[in-house]
Amino acid sequence: MVSITMDTKSEVFKDQLIGIRRHLHQHPELSNKEYETTKYITSLLEQAGVTIVDYGLKTGVVAEVRGEQGGPIVALRADIDALPIQEETGLPYESLHPGIMHACGHDFHTASLIGAAYLLKQQEKRLKGTVRFLFQPAEEKATGARQIIESGALEGVRAIFGMHNKPDLPVGTIGIKSGPLMAAADGFVVEVTGAGSHAAVPEAGIDPIVTASHIVTALQSIVSRNVSALHSAVISVTKIHSGTSWNIIPETAVLDGTIRTFDEGIRVRVLERFEQVVAGVATAFGAKAAVHWIEGPPSVINDTSLAQLAEETSAALELTAVKPLPSPAGEDFAFYQRVVPGLFVFMGIAGTQEWHHPGFNLDEHALSISADFFTELAIRYLEQHSTEGEPDVNQHLEGFA
């Protein structure tokens with residue numbers, strides 16, 4: 001167990017943050033199985049005197065640094081789960097768990113937020129309110145944010161901040177953008193049912209493979225003919241499964257894939273047209289088709305005033321703020337933004353590979369930068385909003401009805 005000194009301005013502190021990240025990297029755990037990770041985070045926070053708040057979560061940690069009583073609450077969020085990937089970095093601290101790896105950098109997010117908790121604990125008398133830390137499980141399953149919300153851990157929170165590392169941004173650079181930043185990520189499973197027969201007499205059956213193939217082709221027309229060229233959407237069929245033998249026409253075929261959109265209206269339209277196309281093509285071939293949706297997170301849509309605050313904070317810390325291109329990846333931070341105003345940023349890490357790659361690694365100098373940024377961001381937010389009344393949650397939710 002790493003023990004951190006409270007000399008948070010020293011090089012020792014920076015090295016210890018690296019040590020925390022490496023411990024997490026060596027001991028990755030999959031979504032909703034982050035039991036040891038939860039214990040580790042809790043132990044480190046308790047060493048600093050950070051208050052652990054029990055919301056009945058099976059995994060994940062909620063903690064607080066409490067400054068001025070009666071002030072607003074601002075939340076900082078990090079995700080803690082890993083991926084079912086075999087690591088291929090060859091690092092001396094590579095994963096000790098075969099087939100499981102922090103290939104998305106959640107170990108970086110967690111270590112950074114632990115660092116911010118220590119920094120804010122040192123400055124708690126300066127805080128014009130409370131900082132609540134959400135160490136969230138199961139982001140990769142897109143269920144963790146909803147677990148946090150359902151537990152009540154977002155109650156009373158005025159605003160929430162989060163981040164994802166960005167391999168293509170240099171260390172010291174932060175991607176800050178108002179409006180849509182990451183895509184809504186919906187999954188689908190299409191079950192096509194025909195009638196099996198001998199492969200030599202296809203007229204005796206209804207071929208689900210031919211039907212499924214035409215469905216795949218027809219789906220590609222949805223974006224090109226239903227989404228404006230000024231907007232974007234993606235439909236990808238990523239898996240097709242059918243058949244058992246070379247001389248048998250099977251009865252069923254199954255298609256899996258994903259749809260990515262940034263605008264809620266476009267999301268609804270694309271999903272609606274998807275079902276119409278699937279049903280129409282199946283009918284044309286005499287087959288039947290059923291669509292099963294895997295609802296993912298909505299689009300991450302950043303609050304404009306929070307983005308401005310983040311830009312001011314990065315300038316004060318002499319960091320470089322850039323406006324990033326939106327990412328088609330999904331992120332369940334979006335569920336928080338349906339409850340309270342939120343800002344999600346990209347933190348430069350000068351990574352070796354993109355997310356979810358078995359060779360993924362990052363420049364650990366970004367850890368202390370990230371901790372400093374979120375510390376200052378929380379302090380500035382509380383200072384700006386310390387005299388405001390209770391937030392109008394219903395007004396924030398108006399656009400999500």
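1. Let's start with helix α7. On the face turned away from its buried side, α7 carries the exposed residues Thr-304 and Ala-315. Keep in mind as you look around that this is a predicted model.

2. Which residues of α7 are buried? They are Leu-306, Ala-307, Leu-309, Ala-310, Thr-313 and Ser-314. These buried residues cover an arc of only 160° around the axis, which means they sit on the same side of α7. As for what they pack against, look for β5, β6, β15, β16 and α9.

3. A quick check on the length of α7, which runs over residues 304-316: with 13 residues at 1.5 Å each, the helix should span 18 Å, and its end C-alpha atoms are 19 Å apart, so the two agree. Just past the end of α7 you'll meet Glu-318, which has a positive phi of about 60°.

4. Now over to helix α2, residues 35-47. It too can be checked with a ruler: its 13 residues reach 19 Å from the first C-alpha to the last, close to the 18 Å expected at 1.5 Å a residue. After α2 comes Gly-49, with a positive phi near 80°.

5. What about the buried part of α2? Thr-37, Thr-38, Tyr-40, Ile-41, Thr-42, Leu-44 and Leu-45 are buried there. The elements covering the buried residues of α2 include the helices α1 (11-26) and α3 (106-122), along with the strands β1 (51-52), β2 (61-66) and β4 (130-136). The helix lies across β1, β2 and β4, and its direction makes an angle of about 15° with β2.

6. Those strands belong to an open sheet. In what order do its eight strands come? Reading across, you get β1-β2-β4-β3-β5-β16-β6-β15, with mixed pairing. At the edges stand β1 and β15 (320-322); each has a single partner strand, so one side of each has no neighbour in the sheet.

7. Zoom in on the β1 end. Here β1 and β2 run antiparallel and are joined by two bridges. One pairing you can look up is Ile-52 with its bridge partner Ala-63 in β2. On to the next pair: β2 and β4 are antiparallel as well, with six bridges between them. Val-65 has Val-131 of β4 as its bridge partner.

8. Is β2 largely enclosed or largely open? Five of its six residues are buried, so β2 is largely enclosed by the rest of the structure.

9. Another helix to find against this sheet is α9, residues 366-385. It lies across β3 (73-79), β4, β5 (157-166), β6 (173-175) and β16 (342-348), and runs at about 160° to β5. You've already met α9 above, among the elements that the buried residues of α7 pack against.

10. Last stop: Asp-186, a residue of strand β8, which covers residues 184-193. Why does Asp-186 count as buried? Its relative accessibility is 4%, and buried means under 20%, so Asp-186 falls on the buried side of that cut-off.

11. Who surrounds Asp-186? If you skip its neighbours within four places in sequence, its contacts are Gly-257, Thr-258, Ile-259, Arg-267, Leu-271, Ile-294, Glu-295 and Gly-296. With Gly-296 there's a detail to zoom in on: the Asp-186 side chain reaches the backbone nitrogen of Gly-296 at 3.3 Å.

How values were computed: Residues are numbered from 1 along each chain as its sequence is written. This is a predicted model: local features need pLDDT of at least 70, side-chain atom pairs count only at pLDDT 80 or more; totals for chains, interfaces and linings use all residues. Side-chain values use heavy atoms; hydrogens and water are left out. Helices (H or I, at least four residues) and strands (E, at least two) are DSSP runs, numbered from the N terminus. Buried means under 20% relative accessible area, exposed over 50%, partly exposed in between (1.4 Å probe, protein chains only). A polar contact is a pair of N or O atoms within 3.5 Å; within protein, one must be able to donate a hydrogen and the other to accept it, and residues adjacent in sequence count only if both atoms are side-chain atoms. Contact means heavy atoms within 4.5 Å. The expected span of a helix is 1.5 Å times one less than its number of residues. Two strands pair if DSSP finds at least two bridges between them. Axes are lines fitted to C-alpha atoms, for helices over the stretch in contact, and angles run from 0 to 180 degrees between N-to-C directions. The arc is that of the directions from the helix axis to the C-beta atoms.
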